[in-house]
Amino acid sequence: MSDIFSATVLLLLIMDPLGNLPIFMSVLKHTEPKRRRAIMIRELLIALLIMLIFLFAGERILAFLNLRAETVSISGGIILFLIAIKMIFPSHEGNASGLPAGEEPFIVPLAIPLVAGPTLLATLMLLSHQYPGNISALVIALLLAWGGTVFILLQSSLFLRLLGEKGVNALERLMGLILVMLATQMFLDGIRAWMKG
């Protein structure tokens, strides 16, 4: 049970729904509210499908690329650390979606890389390799994290109104701090496994 909880927290932090709130709102600001909701649900379902593929095929992908679990753990830790640093010290680039006004997003940038980004997909491959006999628990963890992300993003206007821009920024920085610790742990686990091997 603790494995499911820790995996859920890790995946939810990497999905970073609170950090993605302003980007989702910015990308979809030209669409009408009903259509916006439909687009969000579609993109989140596409992201879930991609994440499940990587979770189930993770072991085979690692074998095909001839990668060891320690390599993925160390590199995943480094990437997570960099993402966490960006969460703590965000750059002020504004909307980086690159979409012309009024154009409807499809897969990019909402499903990939905002929800199912490379770090999350690498983490899913790593988790599937670390717990090969526990895939059902990982699926539950993924569904819980995805469900939390769906809830936060679909209630985006409410969250932005309740927390305000400063509140969202503060919460994202707090998540960044937690992610730094998780990234360091992942990196150290990879080093430990590599030294044993």
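These legends go with four close-up views of a predicted model.

**View 1. The largest nonpolar core and the helices that build it.** This core has 56 residues, and the ones touching the most other members are Leu-11, Met-15, Phe-24, Met-51, Val-115, Leu-124 and Leu-142. Who chips in? Helix 1 (2–15), helix 2 (17–27), helix 3 (33–64), helix 4 (69–88), helix 5 (110–115), helix 6 (118–130), helix 7 (135–154) and helix 8 (156–196) each give at least two residues. Helix 7 provides the largest share, with twelve residues. As background, nonpolar side chains tend to be buried together in soluble globular proteins.

**View 2. Leu-124 and its contacts.** Leave out anything up to four places away in sequence, and Leu-124 touches Leu-11, Met-51, Leu-55 and Leu-142. Leu-124 is also one of the core residues that touch the most other members.

**View 3. Ala-145 beside Leu-12.** Ala-145 sits in helix 7. Ala-145 counts as buried because its relative accessibility is 0%, and the cut-off for buried is under 20%. Along the sequence, Ala-145 and Leu-12 are 133 residues apart, yet their C-alpha atoms are 4.7 Å apart in space. Skipping residues up to four places away in sequence, Ala-145 touches Thr-8, Leu-11, Leu-12 and Met-15.

**View 4. The second largest pocket.** This pocket holds about 350 Å³ of space. It is lined by 17 residues, and Ser-6, Leu-10, Leu-127, Gln-130 and Tyr-131 are the closest to its centre. Helix 1, helix 6, helix 7 and helix 8 each supply at least two lining residues, with the largest share, five residues, coming from helix 1. Sort the lining by class and you get ten nonpolar, five polar and two charged residues.

Technical notes:
Residues are numbered from 1 along each chain as its sequence is written. This is a predicted model: local features need pLDDT of at least 70, side-chain atom pairs count only at pLDDT 80 or more; totals for chains, interfaces and linings use all residues. Side-chain values use heavy atoms; hydrogens and water are left out. A nonpolar core is a set of buried Ala, Val, Leu, Ile, Met, Phe, Trp, Tyr and Cys residues joined through side-chain atoms within 4.5 Å. Buried means under 20% relative accessible area, exposed over 50%, partly exposed in between (1.4 Å probe, protein chains only). Helices (H or I, at least four residues) and strands (E, at least two) are DSSP runs, numbered from the N terminus. Contact means heavy atoms within 4.5 Å. On a 1 Å grid over the protein atoms alone, a cavity is a set of points where a 1.4 Å probe fits but cannot get out, and a pocket is an open set with protein on both sides within 12 Å along at least five of seven lines; lining residues have an atom within 4 Å of a point. Grid points are joined across faces, edges and corners, and a volume is the space filled by probe spheres set on the points. Ala, Val, Leu, Ile, Met, Phe, Trp, Tyr, Cys and Pro count as nonpolar, Asp, Glu, Lys and Arg as charged, and the others, Gly among them, as polar.
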